[in-house]
Amino acid sequence: MASGDFCSPGEGMEILQQVCSKQLPPCNLSKEDLLQNPYFSKLLLNLSQHVDESGLSLTLAKEQAQAWKEVRLHKTTWLRSEILHRVIQELLVDYYVKIQDTNVTSEDKKFHETLEQRLLVTELMRLLGPSQEREIPPLLGLEKADLLELMPLSEDFVWMRARLQQEVEEQLKKKCFTLLCYYDPNSDADSETVKAAKVWKLAEVLVGEQQQCQDAKSQQKEQMLLLEKKSAAYSQRLLQEHRLKTQSELDRINAQYLEVKCGAMILKLRMEELKILSDTYTVEKVEVHRLIRDRLEGAIHLQEQDMENSRQVLNSYEVLGEEFDRLVKEYTVLKQATENKRWALQEFSKVYR
């Protein structure tokens, strides 16, 4: 590689600062990695001009943002329709609960029956679907024209729709006041005007608190990461500071353990030895050995007496010549025989220790 292909330290640091200032996709790189690979840093710097921080291209990111905007718009539209439909269903349910307990007025009866009839016919027409290009026969052989005959009268529908708006507004107002009292129980004693003013600002307040909650969660996450790093660093430092002390204590404990284990092994070997001796030497054998030992002790005693006599004789005839040599040889034989019997007696004594 030519010398011109390498980056100078100053150029590498400049590229590093530019890369760190960009919002790059997550790649888990440290400053040391970027300094050691300056051409990769250049690649990231060029790449940052075409992608966003999530890794998407700028064009695709723009299309994605537009798609999410449309999704939120459709979601808002759907939620409005869903809320309106549920409120109307609740009105019908409340009506049927009401007629079970009290008598209702003719206007209430007419309103709810017209509303229910209109909803039912509209739902059936939706189930039938478009009449054009239909490949299968309609449900129950019905056509939309058949269902239109079941629609309520136009003047009844106009009157019902005007009252429905008031009923829906009243129902939504009750729900808003219920939500307000749940959020702020002290608002239960306020007037409707004050409650309406508070409800008007409630959405903004909730959005602000939601943002605060998200910010608090983000801060908590950052603090947890920082705490984990500090805990790891502290643990490492503590381990390095006390490693020798801990190792010394561990060696001492291991030495004590080995000492106790060695003592236990010695006791176990002694127990095995005693068990072998007890299995090998029965009471009869021990009695016979005791008799043999008594005889050997008696023979040793006699040999010692003979040896003492021989020593006295040697002392008396020390001045003799050849006769003295003969006596020395006799003394030696007696001494050897005494030592052999003493050794045999010691061996028998070891057995009964």
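The accessible surface of the protein adds up to about 28,400 Å², and carbon and sulfur atoms hold 58% of that. Areas of this kind come from the Shrake-Rupley method with a 1.4 Å probe, and for residues only the protein chains shown count as cover. It helps to know that this is a predicted model, in which local features need pLDDT of at least 70, side-chain atom pairs count only at pLDDT 80 or more, and totals for chains, interfaces and linings use all residues. Residues are numbered from 1 along each chain as its sequence is written, and side-chain values use heavy atoms, with hydrogens and water left out.

As for the overall build, the protein has ten helices and zero strands, so its elements read α-α-α-α-α-α-α-α-α-α from the N terminus on, where helices (H or I, at least four residues) and strands (E, at least two) are DSSP runs numbered from the N terminus. Of the 353 residues, 16% count as buried. Here buried means under 20% relative accessible area, exposed means over 50%, and partly exposed is in between, using a 1.4 Å probe and protein chains only. Contacts, meaning heavy atoms within 4.5 Å, often span a good stretch of chain: among those between residues at least 6 apart in sequence, 55% join residues at least 24 apart.

Next comes the inside. In soluble globular proteins, nonpolar side chains tend to be buried together. A nonpolar core is a set of buried Ala, Val, Leu, Ile, Met, Phe, Trp, Tyr and Cys residues joined through side-chain atoms within 4.5 Å. The largest one here has ten residues: Val87, Ile88, Leu91, Leu92, Phe111, Leu115, Phe157, Met160, Leu164 and Val168. Helix H4 (58-101), H5 and H7 each chip in at least two residues of this core. Val168 is in contact with Leu84, Val87, Ile88 and Leu91, leaving aside neighbours within four places in sequence. There is also a second, separate core of five residues, including Met125, Leu128, Leu147 and Met151.

Leu119 sits in helix H5 and, at 25% relative accessibility, counts as partly exposed. Not counting residues up to four places away in sequence, Leu119 touches Ile88, Gln89 and Leu92. Leu119 and His85 are 34 residues apart in sequence, yet their C-alpha atoms are 9.7 Å apart in space.

Charged side chains pair up too. A salt bridge is a side-chain nitrogen of Lys or Arg within 4 Å of a carboxyl oxygen of Asp or Glu, and by this rule the count comes to 14. Take Asp108 and Arg163, whose closest N and O atoms are 2.3 Å apart. Asp108 belongs to helix H5 (residues 106-128) and Arg163 to helix H7, so this salt bridge ties together parts that are 55 residues apart in sequence. Both Asp108 and Arg163 are buried. Together with Glu167, Asp108 and Arg163 are linked in a network of salt bridges.

Further along H7, Lys173 and Glu170 meet in a salt bridge, at 3.4 Å from N to O. The two residues are three places apart in helix H7, about one turn of the helix. Lys173 is partly exposed at 28% relative accessible area, and Glu170 is partly exposed at 34%. Lys173 also forms a salt bridge with Glu192, again with the closest N and O atoms 3.4 Å apart. Since Glu192 lies in helix H8 and Lys173 in helix H7, this pair ties together parts that are 19 residues apart in sequence.

Between H7 and H8 there is a loop, and Ser187 lies in it. Ser187 is buried, with a relative accessible area of 0%. Leaving out residues up to four places away in sequence, Ser187 touches Leu180, Cys181, Lys195 and Lys198. With Lys198 there is a side-chain to side-chain polar contact at 3.2 Å; such a contact is a pair of N or O atoms within 3.5 Å, where within protein one must be able to donate a hydrogen and the other to accept it, and residues adjacent in sequence count only if both atoms are side-chain atoms.

Finally, the surface has a nonpolar patch made of Leu179, Tyr182, Tyr183, Val205 and Leu206, with about 500 Å² of accessible area together. Patches are made of residues with over 30% relative accessible area and no salt bridge, with like charges joined within 9 Å and nonpolar side chains (Val, Leu, Ile, Met, Phe, Trp, Tyr) within 5 Å. Helix H7 (154-183) and helix H8 (192-280) each supply at least two residues of the patch, and the largest share, three residues, comes from H7. Leu179 lies in helix H7 and is partly exposed, with a relative accessible area of 44%.
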